[in-house]
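Me: I would like to learn how to read the features of a model such as this one, one feature at a time. Could we begin with charged side chains and work from there?

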Amino acid sequence: MSGRDLFCEPRRIRRGAALTLLFASVLVTGAATGSFSDPGRKSPSSAARPTPMGHHEDVTEAAAEAMADGKSPMEAAERAVSRSGDRWGAVYSQGEYEEFQEALDGQYTGVGLWARRERDGRIEVTRVQSGSPAAAAGIRKGDRLRSVDGEKVDGRPVTEVVSLLRGDADDAAAGTEVALGLERGTRAWSRTLRRAKLSTDSVTVHKLAGGVTVIKVAAFTKGSGDLVRTAVAQAPRRAGIVLDLRGNSGGLVTEAVTAASAFLDGGLVATYDVNGEQRALHADPGGDTARPLVALVDGGTMSAAELLTGALQDRGRAVVVGSRTFGKGSVQMPSRLPGGSVAELTVGHYRTPSGRSVDDRGITPDLEADDGSLQRAETVLSGLGDE
């Protein structure tokens, strides 16, 4: 499992769930996580209708009763969500929710570290964002993160480590300090960094030998879909493309649909239901349908990224290489609770163009590959190019 100090949902983190994704007013009344969102900022006051499981009213009632009794409405709502069995349900304070939206707008407060937990429980730095406090401190890919503000991190879920880096428990702002314990080989040292407001590097592009263009999408934040389309337009003619969605935990589904439009000439991207009402998402016409394309995925490919992968696979547009994706295909919608917190509860699921459900199943790649998956993608592209 891997993560970065970009998106962080403290309430959900304590339940060990993955990143929520937002879904929105241009598609439904309100917005929903794990799904679709308006390119603009969504309002936490958007009201969702009762969920099929009927626990929306239970959560609201629990919060109202707690507030009337002088107790914490947010804690009462969290208990109600936990009792409901909604795996992806979550409750956020107003500040947490606004911070989450800010992250989806392409900004976050942190130090610029990506990390993963190794099999032995150690936390390893997998990437350092250029120009970040972590980069300025000389931290490098492969360094081991041993502690954050004196708390040992070995064996902890990466999401909790990310929360510590960001200082979510204290709503830490840019400029606040965080002390890191680090290790590189036999050397151990400590550094104190100041958190900063950073821009997400959600789409990166580089070229391989032979002209193959690799488009890495780390998350579907605001504007990422257009960045993918620009990268495709600027790629060498007839050269293959690797769309790298490994570790992409999702984001704004409208951005994933825009990305799909870079490779499809209109048509269905996904269907979804909200409280039983069926809806559909379609690509824009005019995408590049001829260029060889491989989509790289792994167990960290989630939600909006799975939706995009499923569309490209079902429509025969891409060869999917890697390992089975995470399997989050549910739709959450937010509503304001008494006391000002926000609950996001499951209201439906999405399906790929052929009608496949992703939730708890994920996307099975056309070609299994773990180590060396990028090299496998290059081999596949060379074969596609010869056709």
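**Reading the features in turn**

Reply: Glu-183 forms a salt bridge with Arg-146, and the closest N and O atoms of the two are 3.6 Å apart. The pair joins distant parts of the chain, since Glu-183 lies in strand β8 (residues 177-184) and Arg-146 in strand β6 (residues 144-148), 37 residues apart. Please keep in mind throughout that this is a predicted model.

Me: Is Glu-183 buried or exposed, and how does Arg-146 count?

Reply: The general idea is to read the relative accessible area against two limits, with buried meaning under 20% and exposed over 50%. Glu-183 has a relative accessible area of 17% and is therefore buried, whereas Arg-146, at 35%, counts as partly exposed.

Me: Which residues are linked with this pair in a network of salt bridges, and how many salt bridges does a search of the whole structure find?

Reply: A salt bridge may share a residue with another, and it is then read as part of a network. Here Arg-144, Arg-146, Asp-154 and Glu-183 are linked in such a network, and the search of the whole structure finds 18 salt bridges.

Me: Where do Lys-216 and Asp-244 lie in the chain?

Reply: The side chains of Lys-216 and Asp-244 meet in a salt bridge, at 3.7 Å from N to O. This pair, too, links distant parts of the chain, with Lys-216 in strand β12 (residues 213-217) and Asp-244 in strand β13, 28 residues apart. Lys-216 is partly exposed, its relative accessible area being 23%, while Asp-244 is buried, with a value of 6%.

Me: How should I read a salt bridge within a helix, and what separates Asp-226 and Arg-229?

Reply: For such a pair, the spacing along the helix is the thing to look at. Asp-226 and Arg-229 are 3 residues apart in helix α7, which means that about one helical turn separates them. Their side chains meet in a salt bridge, with a distance of 3.2 Å from N to O. Asp-226 is partly exposed at 43% relative accessible area, and Arg-229 also counts as partly exposed, at 32%.

Me: Let us turn to the nonpolar residues. Which residues touch the most other members of the largest nonpolar core?

Reply: In soluble globular proteins, nonpolar side chains tend to be buried together. In this structure the largest nonpolar core has 42 residues, of which Ile-215, Phe-220, Val-228, Leu-243, Phe-263 and Val-269 touch the most other members. Helix α9 (residues 304-314) supplies the largest share of this core, 6 residues. Apart from it lies another core, of 22 residues, which has Val-128, Ile-139, Trp-189 and Leu-193 among its members.

Me: What is Leu-243 in contact with, leaving aside its neighbours within four places in sequence?

Reply: With those neighbours set aside, the contacts of Leu-243 include Ile-215, Val-217, Phe-263, Leu-293, Val-294, Leu-308 and Leu-312.

Me: How many residues of helix α8 are buried, and what do they pack against?

Reply: One reads a helix of this kind by counting its buried residues and then asking which elements cover them. Helix α8 (residues 253-260) is mostly covered, with 8 of its 8 residues buried. These buried residues, among them Thr-254, Glu-255 and Thr-258, pack against α7, β14 (268-274), β15 (277-282) and α9.

Me: How does the length of helix α3 agree with what it should span?

Reply: The 12 residues of helix α3 (residues 73-84), at 1.5 Å a residue, should span 16 Å, and the end C-alpha atoms are 16 Å apart, which agrees. The expected span is 1.5 Å times one less than the number of residues. Among the buried residues of α3 are Pro-73, Met-74, Glu-78 and Val-81, and just after the helix Gly-85 takes a positive phi of about 80°.

Me: In which sense do strands β18 and β19 pair?

Reply: β18 and strand β19 (residues 342-351) pair in the antiparallel sense over 7 bridges, and within that pairing Gly-348 of β19 is the bridge partner of Val-331. The hairpin has 5 residues between its strands, and in it Gly-339 takes a positive phi near 100°. Of the 7 residues of strand β18 (residues 330-336), 6 are buried, so the strand is largely enclosed by the rest of the structure.

Me: Where is Arg-238 found, and where is Asp-360 found?

Reply: A positive phi deserves a second look in a residue that is not a glycine. Arg-238, with a positive phi near 65°, is found in the loop between α7 (224-234) and β13 (241-244), and counts as exposed at 72% relative accessibility. Asp-360 has a positive phi of about 65°, is found in the loop between β19 and β20 (367-368), and is exposed, with a relative accessible area of 58%.

Technical notes:
Residues numbered from 1 in each chain as written. Predicted model: local features only at pLDDT ≥ 70, side-chain atom pairs only at ≥ 80, totals over all residues. Heavy atoms only, no water. Helix = DSSP H or I, 4+ residues; strand = E, 2+ residues; numbered from the N terminus. Buried < 20%, exposed > 50% of the residue type's maximum accessible area, 1.4 Å probe, protein only. Pairing = 2+ DSSP bridges. Core = buried A, V, L, I, M, F, W, Y, C linked by side-chain atoms within 4.5 Å. Contact = heavy atoms within 4.5 Å. Salt bridge = Lys/Arg side-chain N within 4 Å of Asp/Glu carboxyl O.
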